[in-house]
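Trainee: Please take one part of this model and look at it closely. Then work outward from that part to whatever adjoins it.

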Amino acid sequence: MKVNRYFLLAIILIFGAFLFASLIQFFSAFLGAVIIYVLSKPALEKLIKGRHWRKPVASLLLILISFFIILLPIGLLTTLLYNKVSGVVENPQPLLDAFKRFDNSIQSRFHVSLFTDQRLEKMQASATGILTAAVGQGINMFSMILMMYFLLYFMMQNINRMEAAIIFYLPFPRSKIELFGKELVSQTFSNSVGIPLICVVQGFLGYFCYIITGVPEPGFWGVVTGAASIIPIVGAAAIWFPIGVYLLATGHNWQCAFVVAYGVLVIGISDNVVRFLLARWMADVHPIITVLGVIMGLKYFGITGLIFGPLLISWFLLLLRIYYTEFQQPLTNRRTVKARQLMPSYFQPFLGKTKKKTKPGKLPGQDAVDRR
């Protein structure tokens with residue numbers, strides 16, 4: 001029987017690896033569908049069970065809402081940046097003149113040259129390459145979005161069946177699966193809501209800062225500041241710090257001081273404040289998970305990895321906890337009880353508390369030690 005079991009398991013793993021390798025290009029679409037399904041499931045159940053809507057109508061309504069809430073802002077940001085970059089690529093001379101004026105100002109005040117002719121040519125070539133890559137990424141994202149909503153629609157049509165199948169097939173007690181399922185949902189909510197919320201908050205704070213200091217096009221730079229908040233380690237400082245340097249080089253000293261102080265004390269602290277509030281309302285996601293997840297997600301999934309990366313790390317840690325509580329914890333408890341039986345009483349406080357004390361298995365002379 002064991003030979004047949006292991007043989008069947010090997011076949012299943014081979015087929016699973018083959019299917020995963022064949023459909024790896026749709027993995028991002030699947031993750032996106034799962035995330036939106038988890039976020040919209042309470043509203044879907046309320047429409048179906050509470051208001052007795054038909055599943056297709058409720059599913060299409062929530063898909064439409066998710067498009068406007070999630071994808072429309074991303075599309076607007078992408079369009080805004082694309083228009084700016086394409087305008088620079090088509091007519092780079094005004095920007096090059098601005099860089100030269102900025103370089104002359106820096107050189108006259110600090111005797112340092114930042115933008116030579118060779119560096120400007122490299123920057124122009126890089127901008128062209130970024131624009132070409134953005135077009136290709138946009139086509140891939142469009143196909144991914146179509147597949148994501150295709151999968152999401154059928155997940156909504158079969159609501160609760162996926163969860164029932166997971167409970168049925170996983171070799172764990174139902175109570176533990178439900179317990180970790182709730183934590184999985186809270187982690188999904190925390191990552192999916194937390195990162196966009198930080199972008200919005202820092203974008204608005206940057207917008208107000210740029211209005212006060214008179215920065216040209218404060219709306220555009222506010223949007224870019226919010227988008228830059230997802231950059232690991234550096235964050236929104238990748239935008240407001242160069243703006244402060246530009247203000248200093250152009251002779252706007254108090255504006256430069258205000259932007260730098262505002263960026264450090266207000267925009268920088270807002271990240272921690274939002275994370276603290278989310279930790280009280282939802283799952284507490286450690287900043288290390290967010291930073292490493294964003295780095296990994298951008299590398300393997302592109303722009304969509306900003307959400308998928310931290311989620312994958314959080315889900316992996318949850319799976320480790322499930323494995324520990326199901327397989328390792330009982331073994332650890334048995335070892336602890338056995339250690340208590342063999343060790344003197346003055347060692348036992350380091351092993352934790354137990355409900356019952358076991359008499360057999362004492363070492364010779366242990367009673368005399370206990371009486372001391």
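Mentor: H52 lies in the loop between α2 and α3. The model is predicted, and in it H52 has a positive phi of about 60° although the residue is not a glycine. The relative accessible area of H52 is 65%, over the 50% limit, so H52 counts as exposed.

A second residue can be set beside H52. E217 is also something other than glycine, and its phi is positive, near 50°. E217 sits in the loop between α7 and α8, the latter covering residues 218-228. With a relative accessible area of 44%, E217 is partly exposed.

Now the helices on either side of the H52 loop. α2 covers residues 27-50 and α3 covers residues 55-90; each supplies at least two residues to the largest nonpolar core, and so do α5 (117-157) and α12 (305-342). α2 gives the most to this core, with 11 residues. The core has 26 residues in total, and the ones with the most contacts inside it are Y37, L44, M148, Y149, L152 and M156. In soluble globular proteins, nonpolar side chains tend to be buried together. Y149 can be followed further: leaving aside residues up to four places away in sequence, Y149 touches I63, S66, F67 and L71. There is also a second, separate core of 16 residues, which includes Y210, A236, I239 and L247.

α2 has a packing partner in α7, residues 174-213. Two packed helices are described by the angle between their axes and the distance between the axes. For α2 and α7 the angle is about 105° and the axes are 10 Å apart. That angle falls in the range of 65 to 115 degrees, so the two helices are roughly perpendicular to each other. On the α2 side the residues that meet α7 are I35, V38 and L39, and on the α7 side they are V185, T188, F189 and S192. Sorted by class, this contact has 5 nonpolar residues, 2 polar residues and no charged ones.

I167, in helix α6 (residues 161-169), is worth a look as well. I167 touches R174, I177 and E178, not counting residues up to four places away in sequence. The C-alpha atoms of I167 and G181 are separated by 9.9 Å, and the two residues are 14 apart along the chain. The relative accessible area of I167 is 24%, which makes I167 partly exposed.

Two cysteines remain to be placed. C199 has 16% relative accessibility, under the 20% limit, and therefore counts as buried. C209 is buried too, with a relative accessible area of 1%. A disulfide is a covalent bond between the sulfur atoms of two cysteines. With the requirement that the sulfur atoms lie within 2.5 Å, the count comes to 0 disulfides.

As for the whole protein around these parts, it has 13 helices and 0 strands. Of its 372 residues, 30% count as buried. Among the contacts with a separation of 6 or more, 65% join residues 24 or more positions apart.

Technical notes:
Residues are numbered from 1 along each chain as its sequence is written. This is a predicted model: local features need pLDDT of at least 70, side-chain atom pairs count only at pLDDT 80 or more; totals for chains, interfaces and linings use all residues. Side-chain values use heavy atoms; hydrogens and water are left out. A nonpolar core is a set of buried Ala, Val, Leu, Ile, Met, Phe, Trp, Tyr and Cys residues joined through side-chain atoms within 4.5 Å. Buried means under 20% relative accessible area, exposed over 50%, partly exposed in between (1.4 Å probe, protein chains only). Helices (H or I, at least four residues) and strands (E, at least two) are DSSP runs, numbered from the N terminus. Contact means heavy atoms within 4.5 Å. Axes are lines fitted to C-alpha atoms, for helices over the stretch in contact, and angles run from 0 to 180 degrees between N-to-C directions. Angles under 35 degrees count as roughly parallel, over 145 as roughly antiparallel, 65 to 115 as roughly perpendicular and the rest as oblique. Ala, Val, Leu, Ile, Met, Phe, Trp, Tyr, Cys and Pro count as nonpolar, Asp, Glu, Lys and Arg as charged, and the others, Gly among them, as polar.
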